Amino acid sequence: MDDEHYMAMALQLAHGAASAGEVPVGALVIRAGEVIGRGWNRPIGNCDPTAHAEIVALRAAARAVDNYRLPGATLYVTLEPCAMCVGAMVHARIERLVFGAHEPRSGAIDSVFSLLDGSVHNHSIRVSSGILVTECASVIRKFFAHRR
């Protein structure tokens with residue numbers, strides 16, 4: 001499977017979030033070609049400010065493998081992660097991050113912050129961005145256009 005395939009799966013999760021009235025962000029964790037965690041934004045429904053798609057997917061993956069560390073795993077997410085989610089990825093030892101659209105207000109990879117740059121962390125994460133960027137940006141844009 002390739003990055004576009006997994007990002008398309010994350011987009012389906014984002015659509016689920018939109019249907020639930022949540023900001024449409026979807027995420028999944030893949031290891032050894034297997035989906036081990038799925039998530040979409042749930043802060044409103046869960047009354048939990050930490051229930052971002054990435055956190056939900058990381059929690060599910062950790063439970064699936066019975067370990068809070070996820071070496072060898074790739075996190076796919078439709079929108080550039082925030083600072084909280086970047087911290088969680090570092091602690092989980094995610095090997096690779098793949099995201100779709102940039103987040104100009106709170107993106108912590110290279111839009112607002114560059115939290116993975118440098119050698120401050122005890123773990124480095126490879127990053128690929130812009131995967132299905134048009135589709136990922138569109139789902140967010142349509143959601144907020146509809147809410148206005």
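# Reading the predicted model

Guide: This is a predicted model. Among contacts between residues at least 6 apart in sequence, 56% join residues at least 24 apart.

Visitor: What helices and strands does the protein have, and in which pattern along the sequence?
Guide: There are five helices and five strands. From start to end the pattern reads α-β-β-α-α-β-α-β-β-α.

Visitor: What makes the protein as compact as a globular protein of that length?
Guide: Its radius of gyration is 14 Å. The globule rule gives 15 Å for 148 residues. The two values are close, so the protein is as compact as a globular protein of that length. Along the principal axes, the C-alpha atoms fill a box of roughly 45 × 35 × 30 Å.

Visitor: How much of the protein counts as buried, and how much area is exposed?
Guide: Of the 148 residues, 45% count as buried. The exposed area is about 7500 Å², with 53% of it supplied by carbon and sulfur atoms.

Visitor: How many charged side chains are there?
Guide: The protein carries 14 positive and 14 negative side chains. The centres of the two sets lie 5 Å apart.

Visitor: Why is there no bond between Cys82 and Cys85?
Guide: A disulfide needs two cysteine sulfur atoms within 2.5 Å. The sulfur of Cys82 has its closest cysteine sulfur in Cys85, at 3.8 Å, so the pair is too far apart for a bond. Cys85 is in no disulfide either; its nearest cysteine sulfur is that of Cys82. The count for the protein comes to zero disulfides.

Visitor: Why is Cys82 called buried?
Guide: Buried means under 20% relative accessible area. Cys82 has 14%, so the residue is buried.

Visitor: And why does Cys85 count as buried?
Guide: The cut-off is again under 20%. Cys85 is at 0% relative accessibility, so Cys85 counts as buried.

Visitor: What makes Ala32 worth a look, and where is it found?
Guide: Ala32 has a positive phi of about 55°, although it is not a glycine. The residue is found in the loop between β1 (26-31) and β2 (34-40).

Visitor: Why is Ala32 called exposed?
Guide: Exposed means over 50%. Ala32 has a relative accessible area of 82%, so the label is exposed.

Visitor: Which phi does Leu132 have, and where is this residue found?
Guide: Leu132 also is not a glycine, and its phi is positive, about 50°. Its loop runs between β5 (126-129) and α5 (133-147).

Visitor: Why does Leu132 count as partly exposed?
Guide: Buried means under 20%, exposed over 50%, and partly exposed lies in between. Leu132 is at 21% relative accessibility, so Leu132 counts as partly exposed.

Methods: Residues numbered from 1 in each chain as written. Predicted model: local features only at pLDDT ≥ 70, side-chain atom pairs only at ≥ 80, totals over all residues. Heavy atoms only, no water. Helix = DSSP H or I, 4+ residues; strand = E, 2+ residues; numbered from the N terminus. Rg over C-alpha atoms; globule rule 2.2 N^0.38 Å. Buried < 20%, exposed > 50% of the residue type's maximum accessible area, 1.4 Å probe, protein only. Contact = heavy atoms within 4.5 Å. Areas by Shrake-Rupley, 256 points an atom, 1.4 Å probe, with all protein chains shown as cover. Lys, Arg positive; Asp, Glu negative; His and termini not counted. Charge placed at Lys NZ, Arg CZ, Asp CG, Glu CD.
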